[in-house]
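Thank you all for coming. I would like to walk you through one structure this morning, slowly enough that anyone new to it can follow along on the screen.

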Amino acid sequence: MSKAARTDSSGAKAPLVHEHRTADIFPGPDHDHDLCSNDAMAFAEKWCVDRGQRLTSIRRQVLEALLASHKPLGAYEIIDHLAAAGGRPAPITIYRALDFLRDNLLVHRIESRNAFVACVHNHGEGAFVVFLICDKCGAVGEASGDGVAGALAAAARDAGFSPKLPVVEISGLCSYCRAA
């Protein structure tokens, strides 16, 4: 996979972890999850440094918990994950870490699941992303929503509506679960 870049609100570029093709949206059976997680964490560290932000220990731990799989986790699942390693953080601590990670484009909230997933895909700040949620394995893939963004923006505009957060979530079966 090739390297790419995404821009922040100031127009500064930061290298992306990977540029994903349609077939790569869901991790396959031969997926090197350690490499994926390590690349995502290295990206997060550089992204924060470049933006003058601190990836504190608790923020890092929350991101690591989310990077442990490609499945969304709720705040209390993250707490349970961190408690298994010792100590049980307060919910407010986790929510603050999640707010920081969301504000810095490192995690997404999956609205329909009231859960969060680490962002390791190729899109810029404000890009329209479609979340594909597998009902069988629970994995979440990020696909480009460029093809539908214009139509949805036009529908909102025609209705006199100003969208705050355009989110599209589609549940179904990923290609790996369909083939199983």
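**Charged pairs, a hairpin and a surface patch**

Let me begin with Asp 50, which is partly exposed, with a relative accessible area of 42%. Please keep in mind throughout that what you see is a predicted model.

Which residue does Asp 50 form a salt bridge with? The partner is Lys 46, and the closest N and O atoms of the two are 2.6 Å apart. Both residues belong to helix 1, and because they are four residues apart there, about one helical turn separates them. Lys 46 also counts as partly exposed, in its case at 38% relative accessibility.

As background, side chains of opposite charge can pair when their charged atoms come close. The salt bridges in this model come to five by count, and I will take you through two others among them.

One of these joins Arg 60 to Glu 45, with 2.5 Å between the closest N and O atoms. This pair links distant parts of the chain, since Arg 60 sits in helix 2, residues 57–67, while Glu 45 sits in helix 1, residues 33–50, and the two are 15 residues apart. Arg 60 has a relative accessible area of 25%, which makes it partly exposed, and Glu 45 is likewise partly exposed, at 32%.

In the other, the side chains of Asp 80 and Arg 88 meet, at 2.8 Å from N to O. Here Asp 80 is partly exposed, with 42% relative accessibility, whereas Arg 88, at 53%, is exposed.

Let me turn now to the strands. Strand 3, residues 107–110, and strand 4, residues 115–118, run antiparallel and are joined by four bridges. If you look across this pairing, you will find Arg 109 standing opposite Phe 116 of strand 4. The hairpin that these two strands form has four residues between the strands, and in it Asn 114 takes a positive phi near 50 degrees.

Finally, I would like to show you something on the surface. Which residues form the nonpolar patch with about 310 Å² of accessible area together? They are Tyr 76, Ile 92 and Tyr 95. Tyr 95 can be found in helix 4, which covers residues 91–103, and this residue is partly exposed, with a relative accessible area of 36%.

How values were computed. Residues are numbered from 1 along each chain as its sequence is written. This is a predicted model: local features need pLDDT of at least 70, side-chain atom pairs count only at pLDDT 80 or more; totals for chains, interfaces and linings use all residues. Side-chain values use heavy atoms; hydrogens and water are left out. Two strands pair if DSSP finds at least two bridges between them. A salt bridge is a side-chain nitrogen of Lys or Arg within 4 Å of a carboxyl oxygen of Asp or Glu. Buried means under 20% relative accessible area, exposed over 50%, partly exposed in between (1.4 Å probe, protein chains only). Patches are made of residues with over 30% relative accessible area and no salt bridge: like charges are joined within 9 Å, nonpolar side chains (Val, Leu, Ile, Met, Phe, Trp, Tyr) within 5 Å. Accessible areas come from the Shrake-Rupley method with a 1.4 Å probe; for residues, only the protein chains shown count as cover.
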